Amino acid sequence: MEFFKYTKTFNFMGKSKLAMIFSIVLVLASYGVLLTKGLNYGVDFAGGTIVQVKYDTTAPIKEMREKLKHDAIFENASITEFGSPDEVVIRMKTSTGSVTTDIGDVTREALKGTGNFEIRRVDIVGPKVGSELKEKGMMSLLLAIIGILIYVAFRFEWRFAVASIVALIHDVSIASGAIALVGLDVNLDVLAALLTLLGYSLNDTIIVFDRIREGVVKSRNVELADIINESITRTLARTTLTSLTTFFVVFTLFMFGGEIIHSFAFTLLVGIVVGTYSSIFVASPILLWFGFDVKNYHTKLAEKAKREAEKQRMRDQYESGVM
Amino acid sequence: MKLNYRIVIFALAIVFGIVFSVPSLLQTEQGKKVTLGLDLQGGLHMLLGVKTDEATKSRIKSIAASIKHFSDRKDILIDGLTFDEASVKFEVLDADDLTQVKEFLSEIEGVNINTNNLVLSLNLTPQEIVKTKKQAVDQAIETIRNRLDQFGLSEPIVARQGEEKILVELAGIKTQEEEQRARKLISRAAKLEMMAVDEARNARVNVMSDADAAEYGDVILSDVKDANRKYLIHEIPILEGGMLTNAAVGFDKNNRPLINFSLNAEGADIFGDFTGKNVGKRLAVVLDGKVYSAPNINERIGGGSGQISGNYTVMEAKDLAIALRSGALLAPIFLMEKRSVGPSLGADSIKASLIALVGGFVLVIIFMMVYYRLAGVVANIALIANLFILLAVMSLFGATLTLPGMAGIVLTVGMAVDANVIISERIRELIYEGKSMHKAIEEGYANAMSAILDANITTLIASVVLYVYGTGAIKGFAITMSIGILASMLTAILGTHGIYQMLESKINKTKDNKLWFGIKG
């Protein structure tokens, strides 16, 4: 089977202005959502308490609210359905520091008489741990981006590195915007998804860049836009296929992986789509606009090849004993 | 068919993968297995903090106790022995005793001594405070570990995290009661003190406030069985639980459980001295600030053993004995983070993630077969091998599989075929260019190599950062992702290449591009 048979080169760069406007609008909209609605930090980062309760039948949320009203601990607690109608989570912004008295026990006592239920999960994160996790999380995003930047700059050229980082920031921004828009709880798993997204989206970008590099080296054409167009067209099958297989598995994770993994899968789903798009329409045009000079690169490469050849000649001479 | 080094390595890798993943897959008795994370098997994860300020306070208190004991023994009259957060103060009444007292004080480590006429005050040095705080954390870790080792759960984890946090992980906690017991056992101060009842003023205890009591150097403590029953007790204890050598559950004549304890030689001495001098008065056995009993002293008690009777069940008595044996916590601990997952939720998570894994896996396998025909089958063999190797490596290292870790495996399935997609696309291109099958395969691999390497290394960079900065379950994700990527380099690049090389004569014979790579031509 073949979805994309290479017959002619598509003019991607011709559409790059349009794509750029689209991207800028999306990114700005994301920041708009992030600024107005904001990220909904979950207990991992904000600190607080989560109690997950599963009933035999549909959870009597109204009755639960009524019961929990009597205990000051549950003041301002939110009770929401979690994945299925018989499962709920109680979320509180407060956390207790006591080891012996446990909110799980308190909840069990308070909910007595609301039916047959089981307390399946209690998460308590103190404010100190929460802020530490947040700090570490930010740090890890930053470090991952810097690490990738250095690697790409080392393997390609600085313009490639900057272009891929812009694409990454584009992807993470839009994914974050989507998370804020849907109002997902931002916990450690969402952070992990964002970091995975960095690696994944960069995968796509690098495959395209690798082709561009190859094209620059091989082709006699010095028009970068043409080389880029051909490279993207040639890798189009791979880009879409891999995105497709990854999308398949993440989608099954999203559908069947259970409520706990939901936010993780959602973030990745958005990320895969945006990441695929950005490797074609964001990273490559930036390369073009940064004025990557094919001619210049050719001369540099020629010089490098010359030096290598010279070195090799020296080595051969040395090895054969002719000095 | 021709053997080549690639196929040999690949075959060895598959054998390795199968052999070492069998224990985990079939849950055999022997062999190293993957450990399930707390989020999958259920359990309790806690991050505890230590109130180190309390440790310095209790250090001061025990210095005060030793001064009191010294002066009693040597019949030195002192007055106004008081202490606060960081210092002890007292007055020597007879100037002749001053040198003797000073000599005794000079033996106490880590204090500055100030003399003002006959009034002496002791302060902990700043180094001593740091040392005491550090000791409190060390000791808390040691004590909690001792207690949990005796609790009866398999492989409890107690470890220091950062400067003064303690990580406690208890897998396999099945019931709420068990969790409650474990939490109580961990947090129990288990501070045993023998204290003297202030018989001169005890009659007025019910009309006294804490401040009144403090004026006499006393504290008001209540009975463990009846909170309304109060005792007025000298704040400075006669002896402390540190001198305990053993504690065990016993039974009284009504067959109610109690705790028998014995003291070391020093403790027995002090205990003997005190009881000898205070016949007719009461001695309070105080545990964690509650009076368990306050029997009359009928005669000098030598031998250094005693009992703590209370209103507890055998289970509680057992846990209490464990706590006493493991020693007191120098400073109270508090909860910084807690995550507890019930076993049923863990089982649900395993089920859900397995469905996702199998579902995603089947989708990818079918897709690859339909799209690439035999090339897809080759890629699928590599994918299956990848999963086995991933599981084998995790089993060998005893790595922990968490729910995010399962997600990492699912993601690996999606991304591991990436290399084969890239390679197959390259080979198709070369076939279209009219290259021979041999050339198409060799050049296809060569051309694809740099892209695959760069892509995998960048993903690896993100995974490593995640591992270093992630905590708990998230680390599990980083582990499966990293191993999955590394294994895919072996299976998807080297392994599939080996298969093609082995089958090359066959491919050349059939010359069927449609069958082999899913294209016409």
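These are my notebook entries on the cores and strands I looked up in this structure.

**Entry 1: the model.** I remind myself that this is a predicted model.

**Entry 2: the cores.** I began with the nonpolar residues. The largest nonpolar core holds 236 residues. Those with the most contacts inside it are L194(A), L195(A) and L198(A) from one chain, and A284(B), L324(B) and V410(B) from the other. Which helix gives this core its largest share? I found that helix α7 of chain A, residues 188–218, supplies that share with 17 residues. Another core lies apart, and it has 14 residues, including I67(B), F83(B), V101(B) and L120(B). A general point I noted beside this: in soluble globular proteins, nonpolar side chains tend to be buried together.

**Entry 3: one residue up close.** I picked L195(A) and left aside its neighbours within four places in sequence. In chain A, L195(A) touches S140(A), L141(A) and A144(A). In chain B, the contacts of L195(A) are A462(B), V465(B) and L466(B).

**Entry 4: strand β14 of chain B.** Next I followed the strand that spans residues 257–263. Which residues are on its covered face? I listed P257(B), I259(B), F261(B) and L263(B) there, while L258(B), N260(B) and S262(B) make up the uncovered face. This fits a rule I wrote in the margin: in a regular strand the side chains alternate between the two faces of the sheet.

Then I looked for its partners. Strand β13(B), residues 244–251, pairs with β14(B) in the antiparallel sense over 7 bridges. One bridge matches A247(B) with F261(B). The hairpin of these two strands has 5 residues between them, and there N255(B) takes a positive phi near 65 degrees. Strand β17(B), residues 305–309, also runs antiparallel to β14(B), joined by 5 bridges. Here S262(B) has S305(B) as its bridge partner.

**Entry 5: a sheet across two chains.** I traced an open sheet of 8 strands, paired antiparallel, in the order β3(A)-β4(A)-β2(A)-β5(A)-β18(B)-β2(B)-β8(B)-β7(B). Why is one side of β3(A) and of β7(B) left without a neighbour in the sheet? Both stand at the edges with a single partner strand each, so one side of each stays free of a neighbour. From one strand to the next, the twist averages 25 degrees.

At the β7(B) edge, I counted 5 bridges to β8(B), residues 165–171, again antiparallel. A159(B) stands opposite L167(B) in β8(B).

Last, I checked what lies across β5(A) and β18(B): helix α10 of chain B, residues 343–372. This helix runs at about 85 degrees to β5(A).

Notes:
Residues numbered from 1 in each chain as written. Chains lettered and ligands numbered in written order. Predicted model: local features only at pLDDT ≥ 70, side-chain atom pairs only at ≥ 80, totals over all residues. Core = buried A, V, L, I, M, F, W, Y, C linked by C-beta atoms within 7 Å. Buried ≥ 20, exposed ≤ 12 C-beta atoms within 10 Å, placed from the backbone. Helix = DSSP H or I, 4+ residues; strand = E, 2+ residues; numbered from the N terminus. Contact = placed C-beta atoms within 7 Å. Pairing = 2+ DSSP bridges. Axes fitted to C-alpha atoms, helices over the stretch in contact; angles between N-to-C directions.
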